[in-house]
Amino acid sequence: MDFGQLFNTLLNSLPNQVWYFVPLFILLPILRTPWFKGKAGEAMVNIAAKLFLDKTRYHLIKNVTLPTEDGTTQIDHIIVSRYGVFVVETKNMKGWIFGNAKQRYWTQKIFKHSQKFQNPLHQNYKHVKTLQSLLGLSDEQVFSVVVFVGDSTFKTPMPENVTHGGGYVRFIKAQTEPRLSDVEVQKVNEAIESGRLAATFRTQREHVAHVKEIAAKKRSEPRCPKCQDEMVKRTVKRGENIGKEFYGCKAFPKCRGMVGASLLQ
Ligand SMILES: [Zn+2]
């Protein structure tokens, strides 16, 4: 019996059921990756929303791409309802979590190993503000919600909008005061789902740049040395300085303040 034959005999003597475990051995390393755990966490948030939030009153929108100053950012979940627009940030982390609303960095501790990470409320604040300005919603109409998924424990008291697992559903359901009209709910849903946000953002940004430009121009213009009023550019109409420019007070002839008059001599 050579080695090949021996190998075949061994394989044939294995019970058939063993083969069922082969896919599992291939899958296990995948199941352990942060990528999969992240996906599983997001899926948990979806499932909780589908199970516990009434579909006729809460509308779940997944993976919304939001424009930023330097590109785009992704919001995992947005839940739109008459009770507000909930912007959900998912954190897939294990260990002990320390933090509060104001701290810039929070701490994750696994055994003796500590690691800092950006305060997820601050991270989500940017999402909330961008969305709010794009949709024209007030502070009272948009909620920031942070959901920790995975095997973690809060070791400091957390604000009520920082939740663990399905707990975020409780936070959403606790908001019972109507904050958007049915028309507003529909408009918000349409604006997000249509993907028009990026276009709106560009228009807004151009507008802001334009306003800034005007303000900067105003700042660079001189102020009247006599009364601090605005000045206007004028041209000498006659005499030996004809054609020369200077700034004269806007309140002329009441005020005869001038800038650049030295050029006229
Ligand atoms: Zn003046």
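**Zinc site, a buried asparagine and the largest pocket**

Cys224 is buried, and Cys255 is buried as well. Both belong to a zinc site in this predicted model. The zinc ion has four protein donors: Cys224 (SG), Cys227 (SG), Cys249 (SG) and Cys255 (SG). These donors lie 2.3 Å from the ion. The pair Cys224 and Cys255 links distant parts of the chain, 31 residues apart. Cys224 sits in the loop between helix H7 (197-220) and strand S10 (231-235). Cys255 sits in the loop between strand S11 (245-249) and strand S12 (258-259). Along the chain, the donors follow the spacing C-x2-C-x21-C-x5-C. The site is tetrahedral, with angles of 103 to 119 degrees among the 4 donor atoms.

Asn124 belongs to helix H4 (residues 120-135). Its relative accessible area is 0%, so Asn124 counts as buried. Beyond its neighbours within four places in sequence, Asn124 is in contact with Val87, Glu89, Ser144 and Val145.

The largest pocket holds about 360 Å³ of space. Its lining comprises 18 residues. Pro67, Thr68, Glu69, Lys126 and Thr130 are the closest of these to the pocket centre. Strand S1 (59-68), strand S2 (71-81), H4 and H7 each give two or more residues to the lining. By residue class, the lining divides into 9 polar, 5 charged and 4 nonpolar residues.

Conventions:
Residues are numbered from 1 along each chain as its sequence is written. This is a predicted model: local features need pLDDT of at least 70, side-chain atom pairs count only at pLDDT 80 or more; totals for chains, interfaces and linings use all residues. Side-chain values use heavy atoms; hydrogens and water are left out. Donors are N, O and S atoms within 2.8 Å of the metal (3.2 Å for Na, K and Ca); water is not among the atoms, so sites may look incomplete. Four donors count as tetrahedral if all angles lie between 85 and 135 degrees; four count as square planar and six as octahedral if opposite donors are over 155 degrees apart and all others between 65 and 115; anything else is irregular. Helices (H or I, at least four residues) and strands (E, at least two) are DSSP runs, numbered from the N terminus. Buried means under 20% relative accessible area, exposed over 50%, partly exposed in between (1.4 Å probe, protein chains only). Contact means heavy atoms within 4.5 Å. On a 1 Å grid over the protein atoms alone, a cavity is a set of points where a 1.4 Å probe fits but cannot get out, and a pocket is an open set with protein on both sides within 12 Å along at least five of seven lines; lining residues have an atom within 4 Å of a point. Grid points are joined across faces, edges and corners, and a volume is the space filled by probe spheres set on the points. Ala, Val, Leu, Ile, Met, Phe, Trp, Tyr, Cys and Pro count as nonpolar, Asp, Glu, Lys and Arg as charged, and the others, Gly among them, as polar.
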